[in-house]
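Subject: Structure handover

Hello,

Here is the structure I promised. Please open it alongside these notes.

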Amino acid sequence: MRPIVRKASVGAVLAVMAGLLALPSTSARAEILLHNGPVAGRVKVVSYRDLPFRTVVRQRYDFSCGSAALATLLRHHYGRDVGEEQVFRAMYAAGDQATIQRVGFSLLDMKRYLDGHGYAADGFRLSLDDLIGMNAPAIVMIDTAGYKHFVVFKGDDAGRVLIGDPALGLKIYSRDQFSAMWNGVAFVVRQPADTFNDAEEWLPWNRSRPGQALQPLSLAELTRELPPLYQVTTRFSLDPYLR
């Protein structure tokens with residue numbers, strides 16, 4: 001693949017761009033296949049819309065942040081292949097459905113779900129230093145402008161806190177910002193997590209710098225047809241729950 005990239009890097013980039021523009025809004029993952037004669041290259045891509053959710057399960061409904069946060073915790077920190085719908089259905093079937101319909105899931109609903117799947121978990125009232133000192137992911141509740149919302153505490157670094165928000169994706173807050181939103185309660189699984197405070201989750205979405213800007217090109221040049229040499233095939237992998 002290296003010779004293809006060197007000889008026709010602009011064509012390859014434009015082919016990837018064309019494939020990205022063709023992604024449906026519900027697609028979480030896709031592959032762009034680039035063909036240069038008998039040689040084919042495969043590039044995995046994620047849409048800009050889905051980048052913040054690469055390690056966060058997106059909530060589908062306003063009231064489902066609890067099930068999405070729990071699915072995030074299990075999928076991305078404990079290696080369990082679960083999604084929001086699976087967790088939602090199980091907690092709803094076992095919980096107080098009238099209360100769930102009115103105010104959403106509680107930490108007790110989550111504890112019952114985890115107990116039923118072999119995970120001991122409890123809620124703790126902690127200081128932020130204590131939460132950080134536990135060195136473990138946790139489900140916490142934050143309050144933003146009066147809206148109470150379950151998110152996942154994913155790590156800390158140099159006075160910053162990394163949060164997996166089922167509504168917004170990965171978010172980084174200062175300690176003061178997070179402390180002002182957090183109610184001081186953390187829901188923690190007692191067994192060690194597979195991953196926590198992963199460096200990859202701290203990476204910004206766009207690592208480009210002004211010095212890396214392309215040479216001036218007109219919009220017309222950027223939108224011309226790709227050379228016939230390149231054929232682009234987009235192969236989608238859709239989460240059935242998002243269909």
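Six strands form an open sheet in this predicted model. Their order is E3-E8-E4-E5-E6-E7, and the pairing is antiparallel. Strands pair here if DSSP finds at least two bridges between them. Strand E3 (121-125) and strand E7 (169-174) are the edges; each has a single partner strand, so one side of each lacks a neighbour in the sheet. On average, neighbouring strands are turned by 35° against each other, direction ignored.

A note on conventions. Numbering starts from 1 along each chain as its sequence is written, and side-chain values use heavy atoms, without hydrogens or water. Because the model is predicted, local features need pLDDT of at least 70 and side-chain atom pairs count only at pLDDT 80 or more, while totals for chains, interfaces and linings use all residues.

Overall, the protein has 9 helices and 9 strands. These are DSSP runs numbered from the N terminus: helices are H or I with at least four residues, strands E with at least two.

Inside the sheet, E4 and E8 run antiparallel and are joined by 3 bridges. Ile142 stands opposite Trp182 in E8. Thr144 belongs to strand E4 (residues 138-144). Thr144 has 32% relative accessibility, so it counts as partly exposed. The scale: buried is under 20% relative accessible area, exposed is over 50%, partly exposed lies in between (1.4 Å probe, protein chains only).

Two helices lie across the strands. H3 crosses E4, E5 and E8, at about 20° to E5. H6 crosses E3, E4, E5 and E8, at about 10° to E8. Axes are lines fitted to C-alpha atoms, for helices over the stretch in contact (heavy atoms within 4.5 Å). Angles run from 0 to 180 degrees between N-to-C directions.

Now the packing. The largest nonpolar core has 25 residues; Leu70, Tyr113, Leu114 and Ile139 have the most contacts inside it. Such a core is a set of buried Ala, Val, Leu, Ile, Met, Phe, Trp, Tyr and Cys residues joined through side-chain atoms within 4.5 Å. Elements giving two or more residues to this core include helix H3 (65-77), helix H6 (107-116) and strand E8 (182-189). H3 gives the most, with 7 residues. A separate core of 19 residues includes Leu131, Ile142, Val151 and Phe178.

Leu114 deserves a look. Beyond neighbours within four places in sequence, Leu114 contacts Leu70, Leu74, Tyr119, Ala121, Phe187 and Val189.

Best wishes
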